[in-house]
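Here are some exercises to work through with the coordinates open beside you. Try each task on your own before reading the solution.

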Amino acid sequence: QVRLAETGGGLVQPGGSLKLSCTFSGGTFTDYGMAWFRQAPGKERELVAAIGRGGNMYYSDSVKGRFFISRVNAKRVLNLQMNALLPEDTAIYYCAAPARRSGLIPRDASEIGSWGQGTQVTVSS
């Protein structure tokens with residue numbers, strides 16, 4: 001059973017940076033494409049960024065050029081570097097692994113089989 005644990009959230013001023021990390025256990029990390037989702041109050045959970053087994057990446061338009069996803073397969077860690085943060089980036093951020101071990105990029109929450117517990121990111125002055 002895949003287990004995911006996020007760290008790195010917190011309070012940051014607009015324009016600041018944060019790095020989120022997710023530790024993967026309970027399976028073979030390289031079998032999975034991985035993703036970061038976020039959910040703001042009153043909104044649906046949305047895909048922020050994803051990375052395939054081979055390193056191909058996807059970013060939502062709202063974070064493209066500001067957020068950078070990476071994975072360290074040897075350490076079974078997924079990272080999200082967030083720069084130039086905006087108040088609208090405030091949300092709970094979730095690490096996610098798809099139900100299917102295809103290694104492909106997950107594109108939708110319906111594909112996700114395992115979620116982390118989430119970490120709060122608040123962007124405010």
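## Exercise 1: An aromatic pair

Tyr59 has a relative accessibility of 14%, so Tyr59 counts as buried. Keep in mind that the model is a predicted one.

**Task.** Work out how the rings of Tyr59 and Phe68 are arranged, and whether Phe68 is buried or exposed, or partly exposed.

**Solution.**

Step 1. Choose the descriptors. A pair of aromatic rings is described by the distance of the centres and the angle of the planes.

Step 2. Apply them to this pair. The ring centres of Tyr59 and Phe68 are 6.5 Å apart and the planes stand at 70 degrees. Planes over 60 degrees apart count as edge-to-face, so the pair of Tyr59 and Phe68 is edge-to-face.

Step 3. Turn to accessibility. Phe68 has a relative accessibility of 40%, so Phe68 counts as partly exposed.

Step 4. Try another pair. For Phe24 and Phe29, the ring centres are 5.1 Å apart and the planes make 55 degrees, so this pair is tilted. Phe24 and Phe29 are both buried. Together with Tyr32, Phe24 and Phe29 make up one aromatic cluster. Over the whole structure, a search gives five aromatic pairs.

## Exercise 2: A network around an arginine

**Task.** Find which residues are linked with Arg38 in a network of salt bridges, then describe the setting of Arg38 and Arg66.

**Solution.**

Step 1. List the salt bridges of Arg38. One is with Glu46, where the closest N and O atoms are 2.7 Å apart. Another is with Asp89, at 2.9 Å from N to O. This second pair connects distant parts of the chain: Arg38 sits in strand β4 (residues 34-39) and Asp89 in the loop between β8 (77-82) and β9 (91-98), 51 residues apart.

Step 2. Check the accessibility of each partner. Arg38, at 6% relative accessibility, is buried. Asp89 is buried as well, whereas Glu46 is partly exposed, with a relative accessible area of 34%.

Step 3. Extend the network. Arg38, Glu46, Arg66 and Asp89 are linked by salt bridges. Arg66 is found in the loop between β6 (57-59) and β7 (67-72) and is buried, at 13% relative accessible area. The side chains of Arg66 and Asp89 share a polar contact of 2.8 Å. Setting aside residues up to four places away in sequence, Arg66 also touches others, including Gln81, Met82 and Asn83.

Step 4. Look outside the network for a contrast. Lys64 and Asp61 form a salt bridge of 3.3 Å, N to O, and both residues are exposed. The whole structure has five salt bridges.

## Exercise 3: The disulfide

**Task.** Locate the one disulfide and determine its handedness from the torsion about the S-S bond.

**Solution.**

Step 1. Identify the cysteines. The disulfide runs between Cys22 and Cys95, with an S to S distance of 2.1 Å.

Step 2. Read the torsion. About the S-S bond of Cys22 and Cys95 the torsion is about -75 degrees, so the disulfide is left-handed.

Step 3. Place the ends. Cys22 belongs to strand β3 (residues 18-25) and Cys95 to strand β9, so the pair ties together parts that lie 73 residues apart in sequence. Both Cys22 and Cys95 are buried.

Step 4. Look at a residue in contact with Cys95. Gly116, in the loop between β10 (112-115) and β11, is in contact with Leu4, Glu6, Tyr94 and Cys95, leaving aside neighbours within four places in sequence. Gly116 is buried, at 9% relative accessible area.

## Exercise 4: The nonpolar cores

**Task.** Determine how many residues the largest nonpolar core has and which strands each supply at least two of them.

**Solution.**

Step 1. Count the members. The largest nonpolar core has 29 residues, and those with the most contacts inside it are Met34, Leu78, Leu80, Met82 and Tyr93.

Step 2. Assign strands. At least two residues of this core come from each of β3, β4, β5 (46-51), β7, β8, β9 and β11 (119-123).

Step 3. Inspect one member. Beyond its neighbours within four places in sequence, Tyr93 is in contact with residues that include Leu20, Phe37, Arg38, Val48 and Val121.

Step 4. Look for another core. A second, separate core has seven residues, among them Ala35, Leu47, Ala50 and Ala96.

Definitions and conventions:
Residues numbered from 1 in each chain as written. Predicted model: local features only at pLDDT ≥ 70, side-chain atom pairs only at ≥ 80, totals over all residues. Heavy atoms only, no water. Salt bridge = Lys/Arg side-chain N within 4 Å of Asp/Glu carboxyl O. Buried < 20%, exposed > 50% of the residue type's maximum accessible area, 1.4 Å probe, protein only. Helix = DSSP H or I, 4+ residues; strand = E, 2+ residues; numbered from the N terminus. Polar contact = N/O pair within 3.5 Å; in protein donor to acceptor, adjacent residues only side chain to side chain. Contact = heavy atoms within 4.5 Å. Disulfide = S-S within 2.5 Å. Core = buried A, V, L, I, M, F, W, Y, C linked by side-chain atoms within 4.5 Å. Phe/Tyr/Trp six-rings, centres within 6.5 Å; stacked < 30°, edge-to-face > 60°.
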